[in-house]
Amino acid sequence: MVSNLVELGEASQIPKGEMKAFSIDGLGEIAVYHVDDEWFATDDVCSHAIASLTEGWLEGFTVICPAHSGEFDIRSGKALCFPATEPINTYQVWVEGGKLLVNTTPNKNDDTHASSPQCQ
Ligand code: FES
């Protein structure tokens, strides 16, 4: 049994290629992404300033912040493009019986603090 397990409702509410923010009591907003047949979850708030990543754009495994175009890898949380330099948390998320489930304990990612390059 996973501790800190939260059910987010029907998985069908997020079609492939789309993302959605969920408000989690005591944690804040988590973004859930559906890419091909895989699911990913990160903080929804950008690490650069206050902006909702799910109001930006999802391109493959990259989410692009709507405020200043910082980019993050949704698999690791790593900041990919300036001005985003700090990683965002990632979370385990999966589908069981058609329901989305998330573990609200952040994953431990060791390689996410490398400096992010300037993107064009
Ligand atoms: S708030 Fe996201 S890049 Fe600035």
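**Burial and overall form**

I began with burial, and I noted that 43% of the 120 residues in the protein chain are buried. I kept in mind from the start that I was reading a predicted model, and I wrote each value down as a computed one.

I then looked up the surface of the protein chain, which comes to about 6500 Å² exposed, with carbon and sulfur atoms supplying 47% of it.

For the overall dimensions, I found that the C-alpha trace spans about 40 × 25 × 25 Å along its principal axes. I also checked the radius of gyration: a compact globule with 120 residues would have a value near 14 Å, and the protein chain has 14 Å, so the two agree.

Next I went through the secondary structure, where I counted 0 helices and 10 strands. Reading from the N terminus on, I wrote the order of elements as β-β-β-β-β-β-β-β-β-β.

I wanted to know how far apart in sequence the contacting residues are, and I took the contacts between residues at least 6 apart in sequence; of these, 43% join residues at least 24 apart. For the charges, I noted 6 positive and 18 negative ones in the protein chain, and their mean positions are 3 Å apart.

**V93, in a strand**

Is V93 buried or exposed? I found a relative accessible area of 10%, and since buried means under 20%, V93 counts as buried. I located V93 in strand β9, which covers residues 90-96.

Setting aside residues up to four places away in sequence, I listed what V93 touches: V32, W39, F40, A41, L100, L101 and V102. One of these partners, V32, I followed further: V93 and V32 are 61 residues apart in sequence, while their C-alpha atoms are 7.9 Å apart in space.

**N103, in the strand that follows**

I moved on to N103, which I placed in strand β10, residues 99-103. Its relative accessibility is 8%, and N103 therefore counts as buried. I also looked for a polar partner, and I saw that the side chain of N103 reaches the backbone nitrogen of T105 at 3.0 Å.

**Q13, in a loop**

I found Q13 in the loop between β1 (5-10) and β2 (18-24). At 32% relative accessibility, Q13 counts as partly exposed.

Which backbone oxygen does the side chain of Q13 reach at 3.1 Å? I traced this one to L8, and I noted in addition that the backbone oxygen of E10 lies 2.7 Å from a polar atom of the Q13 side chain. Leaving aside neighbours within four places in sequence, I recorded contacts of Q13 with L8, K20 and F22. As a check on a residue from another part of the chain, I took V102, which is 89 residues from Q13 in sequence and 15 Å from Q13 in space, C-alpha to C-alpha.

**Backbone angles that caught my eye**

Before looking at the angles I reminded myself that most residues other than glycine have a negative phi, and that most peptide bonds are trans.

S69 has a positive phi of about 65° although S69 is not a glycine. I placed S69 in the loop between β6 (62-64) and β7 (71-73), and with a relative accessible area of 43% I entered S69 as partly exposed. Not counting residues up to four places away in sequence, S69 touches I64 and C81. I also noted that S69 and C119 are 50 residues apart in sequence, with a C-alpha to C-alpha distance of 9.0 Å.

D36 has a positive phi too, of about 55°, and D36 is likewise not a glycine. I found D36 in the loop between β3 (28-35) and β4 (38-43). Its relative accessibility is 53%, and because exposed means over 50%, I entered D36 as exposed.

Where is the cis peptide bond that I noted last? I found that bond running from F82 to P83, with omega near 15°. P83 sits in the loop between β8 (79-81) and β9, and I recalled here that β9 is the strand in which V93 lies.

Note on methods
Residues numbered from 1 in each chain as written. Predicted model: local features only at pLDDT ≥ 70, side-chain atom pairs only at ≥ 80, totals over all residues. Heavy atoms only, no water. Helix = DSSP H or I, 4+ residues; strand = E, 2+ residues; numbered from the N terminus. Rg over C-alpha atoms; globule rule 2.2 N^0.38 Å. Buried < 20%, exposed > 50% of the residue type's maximum accessible area, 1.4 Å probe, protein only. Contact = heavy atoms within 4.5 Å. Areas by Shrake-Rupley, 256 points an atom, 1.4 Å probe, with all protein chains shown as cover. Lys, Arg positive; Asp, Glu negative; His and termini not counted. Charge placed at Lys NZ, Arg CZ, Asp CG, Glu CD. Polar contact = N/O pair within 3.5 Å; in protein donor to acceptor, adjacent residues only side chain to side chain.
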